[in-house]
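Q: Please give me a close look at a single part of this model, and then show me how that part sits in the whole. Keep it relaxed, but don't skip the cut-offs.

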Amino acid sequence: QVQLVESGGGLVQAGGSLRLSCTTSRNIFSFRYMAWHRQAPGKQRELVAHITSGGSTVDADSVKDRFTISRDNAKNTVYLQMNILKPEDPGVYFCNVLEGLSGRTYWGQGTQVTVSS
């Protein structure tokens with residue numbers, strides 16, 4: 001079992017920034033990829049960004065040039081730096097990992113992001 005602990009959500013004005021963190025209970029190299037998803041009220045969960053074990057990143061078109069996913073291998077932590085937050089960015093942000101050997105996926109409990117206009 002893998003535990004994921006997210007933090008960093010909160011209330012921010014439009015145009016502001018937040019950094020989300022997700023710390024895992026297992027060595028980060030055991031994951032094929034790590035990702036951030038978000039879910040707004042009444043909407044489906046969507047992929048925001050992911051980073052592979054090799055360090056390649058993919059961002060959703062809606063967050064390109066504003067959000068950056070990164071990781072700290074020593075801290076077993078993946079980050080999502082969110083800049084120029086917009087009114088369409090709020091929601092619960094979830095950390096998600098895919099374990100390399102088992103193929104299992106794990107989810108964090110989510111952290112709330114609210115953007116005021």
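A: Asn 76 sits in the loop between strand E7 (67-72) and E8, where strands are DSSP runs of E with at least two residues, helices are runs of H or I with at least four, and both are numbered from the N terminus. Its phi is near 50°, a positive value in a residue other than glycine. Most residues other than glycine have a negative phi, and most peptide bonds are trans. Move on to the loop between E8 and E9 and you reach Ile 84, where phi is again near 50° and positive without a glycine. Ile 84 is partly exposed, at a relative accessible area of 47%; on this scale buried is under 20%, exposed is over 50% and partly exposed is in between, using a 1.4 Å probe and protein chains only.

Before going on, some ground rules. This is a predicted model, with local features needing pLDDT of at least 70 and side-chain atom pairs counting only at pLDDT 80 or more, while totals for chains, interfaces and linings use all residues. Residues are numbered from 1 along each chain as its sequence is written, and side-chain values use heavy atoms, leaving out hydrogens and water.

The loop between E8 and E9 also holds Asp 89, which brings us to the charged pairs. Searching the whole structure turns up four salt bridges, each a side-chain nitrogen of Lys or Arg within 4 Å of a carboxyl oxygen of Asp or Glu. Side chains of opposite charge can pair when their charged atoms come close. Take Arg 38, which meets Glu 46 with 2.7 Å between the closest N and O atoms. Arg 38 is buried at 5% relative accessibility, whereas Glu 46 is partly exposed at 35%. Arg 38 also pairs with Asp 89, at 2.9 Å from N to O. That second bridge ties together distant parts of the chain, with Arg 38 in strand E4 and Asp 89 lying 51 residues away in sequence. As for Asp 89, its relative accessible area is 0%, so it is buried. Through shared partners, Arg 38, Glu 46, Arg 66 and Asp 89 end up in one salt-bridge network.

What does Glu 99 pair with? Its salt-bridge partner is Arg 26, and their closest N and O atoms are 1.8 Å apart. This is another link across distant parts of the chain: Glu 99 is in strand E9 (residues 91-99), Arg 26 is in the loop between strand E3 (18-24) and strand E4 (31-39), and 73 residues separate them. Glu 99 counts as buried because its relative accessibility is 8%, while Arg 26, at 27%, is partly exposed. The side chain of Glu 99 also makes a polar contact with the side chain of Ser 102, at 2.5 Å. A polar contact is a pair of N or O atoms within 3.5 Å; within protein, one must be able to donate a hydrogen and the other to accept it, and residues adjacent in sequence count only if both atoms are side-chain atoms.

If you ignore neighbours within four places in sequence, Glu 99 is in contact (heavy atoms within 4.5 Å) with Val 2, Arg 26, Ser 30, Phe 31, Arg 32, Arg 104 and Tyr 106. From C-alpha to C-alpha, Glu 99 is 7.6 Å from Tyr 33, though their positions lie 66 residues apart in sequence.

Tyr 33 turns up again around His 50, whose contacts beyond four places in sequence are Tyr 33, Met 34, Ala 35, Ser 56, Thr 57, Val 58 and Ile 69. His 50 belongs to strand E5 (residues 46-52) and is buried at 18%.

Now zoom out. The chain has eleven strands and zero helices. Of its 117 residues, 41% are buried. Among contacts with a separation of 6 or more, 53% join residues 24 or more positions apart. The radius of gyration is 13 Å, which agrees with the value near 13 Å for a compact globule of 117 residues; this is taken over C-alpha atoms, and the globule rule is 2.2 Å times the number of residues to the power 0.38. Along the principal axes, the C-alpha atoms fill a box of roughly 45 × 25 × 25 Å. The chain exposes about 6100 Å², with carbon and sulfur atoms supplying 48% of that; accessible areas come from the Shrake-Rupley method with a 1.4 Å probe, and for residues only the protein chains shown count as cover.
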